[in-house]
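Hi,

Here is the structure I promised to pass on. Have a look at it first, and my notes follow below.

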Amino acid sequence: MNWIRFRSKYWLDIFRRRQLERELDEEINAHINLDIQHRMENGAPEAAARAAALREIRSVSAVKEATRDAWSWQALERVMQDLRYAFRMMRRTPMFSALAILVMGLGIGASTAVFSLIDAVFLKPLAFHDADRLVMIWEEATHQGVPRGDVASSNYLDWKEQSEAFEDLAAYFGNAFNLTGEGEPERLDGIQATPNLFPLLGVQPLLGRWFNAAEGLPGNLQRTILSYGLWQRRFGGNPNIVGQSIRINDQPHEVVAVMPEGFQFPRGDTQLWIPIQFPRVESGPNGRGVHFLRVIGRLKPDVTWQRAEQEVQTVAHRLSETYPATNKNYGAVVFPLRQDFVQDAQSSLWLLLAAGLLVLVIACANVANMLVTRGIGRSHEIAVRAALGASRVRVARQLIVEGLLLSIFGSIAGVSVALGTFRFLSRLVPPALAGAVAPSLDIHLLGFAVLVSVVTGITFGLVPLRQVLTFDISHAFRGRAVSVAHSRIRPLLVSLETALAIVVIASTGLVIRTILNIGNVNPGFNPDHVLTLRLELSPVQYPTVQSRVAYYRSILDHVEAMPGIVSAGFTTFLPYTNFGGTSGLFIEGPPDPRPPQTYRREVSPNYLATIGVPLLKGRWFSEQDDSNHPPVVIISEGTAKRFDGDPIGKRVRFGTAAGPWSTVVGVVGDIREEGLQLPSQRATTYAPYAQTPSVWFFNPRDLAIHVRGEPASLVDALRREIWSINPKQTISQIRTLAAIVDEQVSDRKVQATLLSAFSLASISLAALGIYGLLSFAVESRRKEFGLRMALGAKNRDLVASVVRETLASIGAGAVVGLILATIIARSLTTLLYGVTPTDSVTLTGSVMILFAVGVLAACVPAWRATRIDPMIALRHD
Amino acid sequence: MVLDTLVAMAKNTKQREKAALLQGTLDMLILQTLRWGSEHGHGIGQAIRVRSDDLLSIEAGSLYPALHRLERQGRITAEWKLSENNQRAKYYRLTASGRKGLMAEESKWDLLVTAISRVRKPT
């Protein structure tokens, strides 16, 4: 408070300076005049009085100068003095300062880096109007294992009509579109949304207008809004684009608007929006049985999301009673938009934040430790200053300023470290938020860094402060600076460092073991040497099964004829690229009350062999399995379990009871379709691509190519080959199958890398602390050792006694650390796979690592203790 | 003797920094003077001189810095007024905190004087 008052006064004075000068002039003049008058009253003639007055004051400018000195802000001046002194101290002990700044930099860097991530994900405002009132509404079908599911369109319409909590509800679903025309044909991720989506989000287009209410109805479909990125990239930022027609999925679409830069909904990679509306129907694809919509709502100003949720749940309950066939047990859940976007990332981000802060605390403990040591070394200096009249407060303030100075340099180092990690960290931002809110240097972040440095600076100041406030001058002068209190603080700090380091290392260990476990999971196929690409077919160019199959075959023929290629195959979706596309499977025989839902994949004959799925029984598909031959399927092992006995030769039917029967001709291994780490998986059923006249959704689009050498070298040749067949074909998502698999753990790998860095930092810091403690112990007991050696004690015993003490404080820290780690790990369960939070290997491993590092750190000082020469030690004082 | 020393130190403005004791004394003398009402700088200097029977003469180079410092510390405030001779001058006045500070300074001073006199004339 004082500080603030002083400061405001100081600034005020700067502005008032000229007035003060004027007043000073006048005041001194008045003094001279008064003096003259005074002397004249006492009888002196005017000239003599004037001369005497001027003689008396000697130099007007010296008086003014001295008076001006009194203006200077004394507190500021003292701080400047402290700062100058602190700088001098830093320069005098460069090694100490560099080490302290490095340690600080580590701590502040670690916490700031993680905070930048937290900031990006949780604190930066979403770029929508009044984003706090936006919520996502999902269907809840926990009874089917879907706690947060897509919405059927008629349910959406009823929610919209029957709830009062919202200003409006809008619905959309993700889709991909072929953009053709000038330039290479391109596959674009986009959204089909009800026209009211844009007014609901409240973001004005950069050019053009929002969709109007009529757009999206049949006959009025072909409009589009472009993202800024797409407009720049494909249309060169053409300012006259609005009103022009572009070809999407081989249909002309009128561009009605371009959204501003940075607008992204629902994901960063959404490039265009197309209107769609849903008529109210009770059956068919827009009825209540097909769940494919995402629903977003804007709450009325005074309504909480919890109340909105209750209301939608009431509506959902009513619907489940009215339409039991489709809606039985279906509820609804509401999430605020940001929470919805962040969902699963939340717990891992908090883990990282916790680890980052722990590193910071360890760093603080370490610097505090160093400062205590130095403070002990400086007792003499402090005693001298105190004896010369410096108050204890003054000395304490000096120490705090020194601590603050170190931490300011530390935070500069730390922020630069954090800045360097942004690109890496942005991979941990959930995709829904990516792009617009990547980690960046902003006011939040700087605020955090400043806060951290001030808090740590004061913390540093406080530890030696105790020493200042309790020290005894006479002790200091007698060279007995080491008070009992301080020999107690240091082992405590080391224990603290040990405990926290164990928590960080154990968490890292658990995440790394999780990654290893996931990496060791057999996905059910062999991802090596497989290149993949997505070829979405245009329904206009290939309207019939025959035309499609002819096209697929010609692509496969061309590709397989290329040098360096082993085989190639088409499928509906590669593993992990779409967690949809399931179909009920009816097995011939007594009716199954719960027919298995299996992934349905339509594949070319070579596909399964290309990605290395093993054939367990029966045969592969062949080119003969076409519409002229009886329908066949290959099932995976999981599906085979649903059959009584050998499934080969049995018949199955997809979807409804009305479909044609297909004969099972082969059994292949299961694929972990839903993610490497998920233990329960739906099984898969494969159908030949040339045989079943099925819905468009299941048509093959992903091409897998088994190559001999390096997959990347073939990409250009492949594109040329495909475009030589059809120049309008879009080619997207070119990557290796290994990369697709790797993406399953990429989040975790980034996490683990960060955590490993944190662990390394905390191990080094703990080692440093232990080393410091031990060196100090040896140093301060040099005389005692010398004496004991002179009396016949062995080197070994002395070293052992020192090491024993150190191990005791590590041990105490380890016990606390283990307890903490166990408690914290419990909240990690959702992040782990194949390892329990209290995994004994990880926990004992972390303790072992710390003990090993501790013993290493103890070596040098212990060795130094053995080199003590009793004669010198006894003389040394 | 103490006063002689003080006068000598007051004249040596170069030793200002070391003269913390002196500074406190001068402050006390100023505050003491202002206890009876507001006064301008020259008047304060004269009052101290007269009341000390010309033993203490405070130079402008010490007086004005002290006044400005006390004003900044909030122990005195100032306003511009006309003197009896129609000279516009800056008049200083004690504040409540100045009054309190004065009492503390005085008791410290009394203690010091008692201590020194005991040392000089042991009973």
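Ser245(A) stands opposite Glu254(A) in β9(A), and that pair is a handy way into this predicted model. Ser245(A) belongs to strand β8 (residues 245–248) of chain A, which pairs with β9(A) in the antiparallel sense over 4 bridges. The two strands form a hairpin with 2 residues between them, and there Asn249(A) takes a positive phi near 50 degrees.

β9(A) has other partners too. Strand β7 (residues 223–226) of chain A runs parallel to β9(A), joined by 4 bridges; here Thr224(A) sits opposite Val255(A). Strand β6 (residues 207–208) of chain A is antiparallel to strand β9 (residues 251–258) of chain A and shares 2 bridges with it. In that pairing Leu207(A) faces Val258(A). After β9, the loop that leads to β10 (272–275) of chain A holds Pro266(A). If you click through that loop, look for the cis peptide bond between Phe265(A) and Pro266(A), with omega at about -5 degrees.

Now for chain A as a whole. It has 27 helices and 23 strands, and of its 877 residues 41% count as buried. Take the contacts in chain A with a separation of 6 or more: 82% of them are between residues 24 or more positions apart.

What sits in the middle of all those contacts? The largest nonpolar core has 97 residues, and those with the most contacts inside it are Val359(A), Ala363(A), Val367(A), Ile502(A) and Ile770(A). Helix α23 (residues 737–780) of chain A gives this core its largest share, 18 residues. Ala363(A) is a good one to zoom in on: leaving aside neighbours within four places in sequence, it is in contact with Val103(A), Met104(A), Leu106(A), Gly107(A) and Leu765(A). Apart from that core lies another one, of 57 residues, and Leu207(A) from the β6 pairing is among them, as are Leu201(A), Trp210(A) and Leu293(A).

Helix α24 (residues 782–790) of chain A is worth a look as well. Which of its residues are buried? They are Phe785(A), Gly786(A) and Met789(A). Seen down the axis of α24(A), these buried residues fall within an arc of 100 degrees, so they line one face of the helix. The helix is followed by Gly792(A), which has a positive phi near 105 degrees.

Two more backbone oddities in chain A, both in loops. Asn329(A) has a positive phi, near 70 degrees, in a residue other than glycine. You will find Asn329(A) between α10 (324–327) and β12 (331–336) of chain A, and it counts as exposed because it has 11 C-beta neighbours inside 10 Å. Tyr576(A) is not a glycine either, and its phi is positive at about 70 degrees. Tyr576(A) lies in the loop between β14 (565–571) and β15 (582–587) of chain A. With 18 other C-beta atoms within 10 Å, Tyr576(A) is partly exposed.

On to chain B and how it meets chain A. In the model, 18 residues of chain B are in contact with 16 residues of chain A. On the chain B side, α3 (41–51), α4 (60–72) and β3 (88–94) each supply at least two residues. The most come from α4(B), with 7 residues. By class, this side of chain B has 4 nonpolar, 10 polar and 4 charged residues.

Chain B also has an open sheet of 3 strands in the order β1-β3-β2, with antiparallel pairing. Its edge strands are β1 (39–40) and β2 (76–82), each of which pairs on one side only. β2(B) and β3(B) are joined by 7 bridges, and Glu79(B) stands opposite Tyr91(B) in β3(B).

Finally, a word on confidence. Chain A averages a pLDDT of 82, and 87% of its residues score at least 70. Confidence in chain A is highest in helix α20 (residues 607–610), at a mean of 95, and lowest in helix α17 (residues 473–477), at 53. Residues 1–11 of chain A have a pLDDT below 50, and this stretch has 4 contacts beyond near neighbours in sequence. Over residues 479–485 of chain A the pLDDT also stays under 50, with 14 contacts beyond four places in sequence. Where pLDDT is low, the predicted coordinates should not be read in detail.

Cheers

Key: Residues are numbered from 1 along each chain as its sequence is written. Chains are lettered from A and ligands numbered from 1 in the order in which they are written. This is a predicted model: local features need pLDDT of at least 70, side-chain atom pairs count only at pLDDT 80 or more; totals for chains, interfaces and linings use all residues. pLDDT is the predictor's confidence in each residue, from 0 to 100. Two residues are in contact if their C-beta atoms, placed from the backbone, lie within 7 Å. A residue is buried if 20 or more other C-beta atoms lie within 10 Å of its own, exposed if 12 or fewer, and partly exposed in between; C-beta atoms are placed from the backbone. Ala, Val, Leu, Ile, Met, Phe, Trp, Tyr, Cys and Pro count as nonpolar, Asp, Glu, Lys and Arg as charged, and the others, Gly among them, as polar. A nonpolar core is a set of buried Ala, Val, Leu, Ile, Met, Phe, Trp, Tyr and Cys residues joined through C-beta atoms within 7 Å. The arc is that of the directions from the helix axis to the C-beta atoms. Two strands pair if DSSP finds at least two bridges between them.
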